[in-house]
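Hello,

Here is the structure for you to open. Please look it over first, then read my notes below.

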Amino acid sequence: MIPKNVREGAVAVGLDGEKAYFTIAANGKAFRTLIDGLYSNKIRAVIRELCSNAADSHIDAGQTKPFKVSIPTSLDPVFRVRDFGTALRHDQVMHLYTTIFQSTKEETNTQTGQLGLGSKSPFAYTDSFQVTVWLDGVKRQYLAYLERDGVPSITHVGDTPSDEPRGLEVSFPAERGDIRQFQREMQFVSLGYAEPPEVDGMSLVIPKPRISGKGWAIYPSGSFGEEMRGTSFVRQGSVIYPNDSRPFPNLGYGW
């Protein structure tokens, strides 16, 4: 999404003397406040952010096949999102994953997001995650993790030859006690896509929208379980929003 430069055309009138702009200290406390405090429903937020990035990469690449999601199970307690989109060069990985508010989506309105926070969202759930990139016959692996002082970093682990299709995967282990919640949240997030991803580890149940159009749909009350009965939902782009003026359950959007 193309951002609006809020400082463009701003004029300071009647101010004299020394001036300094406010800045944000790059320390663990600032990062934790920004990322951890941004999402109230962390599991849903991580699934949504990573799936949105995968879907956007497919749009950018003109890829029509669905991206893949692996839901953690008792036998394989790892969450994975694998796309077949544009992938990222080495310098892009090292730059985008280490820069907050920097995104590849700042020049388009056809994709979700533009703040550069989605790629960092796994840190809201875990202290480390793996990034794997397949590009030009090479498989590159990276490890993103929090240092002892809480500042995140990413390390290039190594390269190996590969004939796998181009794309990118983000993965991390889940707590076994969270497996059921990953299933519930994946069910909810998947409804944000007209063409849902290919999901392993569970069976998706896709309710029919009440009405729909290009890029949007309205789902009736009860589409997302008894705990949300009484609230209808609207899909705009790839995000599901509650459509109800009364108090509703914590839906994990951070407000």
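Over how many bridges do strand S10 and S11 pair, and in which sense? This is a predicted model, so keep that in mind as you look. Strand S10 covers residues 232–236, and it pairs with S11 over five bridges in the antiparallel sense. One bridge to find is at Gln236, whose partner in S11 is Val239.

Now the sheet around them. Four strands form an open sheet in the order S8-S9-S10-S11, and the pairing is antiparallel. S8 (211–213) and S11 (239–243) stand at the edges. Each has a single partner strand, so one side of each is left without a neighbour in the sheet. From one strand to the next, the twist averages 20°.

Next, helix H2. This helix runs over residues 42–61. How far should its 20 residues span? At 1.5 Å a residue, the expected span is 28 Å. The end C-alpha atoms are 29 Å apart, which agrees. H2 is mostly covered, with 15 of its 20 residues buried. Just after H2 comes Gly62, which takes a positive phi of about 70°.

Last, the whole protein. There are four helices and eleven strands. Of the 255 residues, 41% count as buried. The exposed area is about 14500 Å², and carbon and sulfur atoms supply 52% of it. Take the contacts with a separation of 6 or more: residues 24 or more positions apart account for 55% of them.

Best wishes

Notes:
Residues are numbered from 1 along each chain as its sequence is written. This is a predicted model: local features need pLDDT of at least 70, side-chain atom pairs count only at pLDDT 80 or more; totals for chains, interfaces and linings use all residues. Side-chain values use heavy atoms; hydrogens and water are left out. Helices (H or I, at least four residues) and strands (E, at least two) are DSSP runs, numbered from the N terminus. Buried means under 20% relative accessible area, exposed over 50%, partly exposed in between (1.4 Å probe, protein chains only). Contact means heavy atoms within 4.5 Å. Accessible areas come from the Shrake-Rupley method with a 1.4 Å probe; for residues, only the protein chains shown count as cover. Two strands pair if DSSP finds at least two bridges between them. Axes are lines fitted to C-alpha atoms, for helices over the stretch in contact, and angles run from 0 to 180 degrees between N-to-C directions. The expected span of a helix is 1.5 Å times one less than its number of residues.
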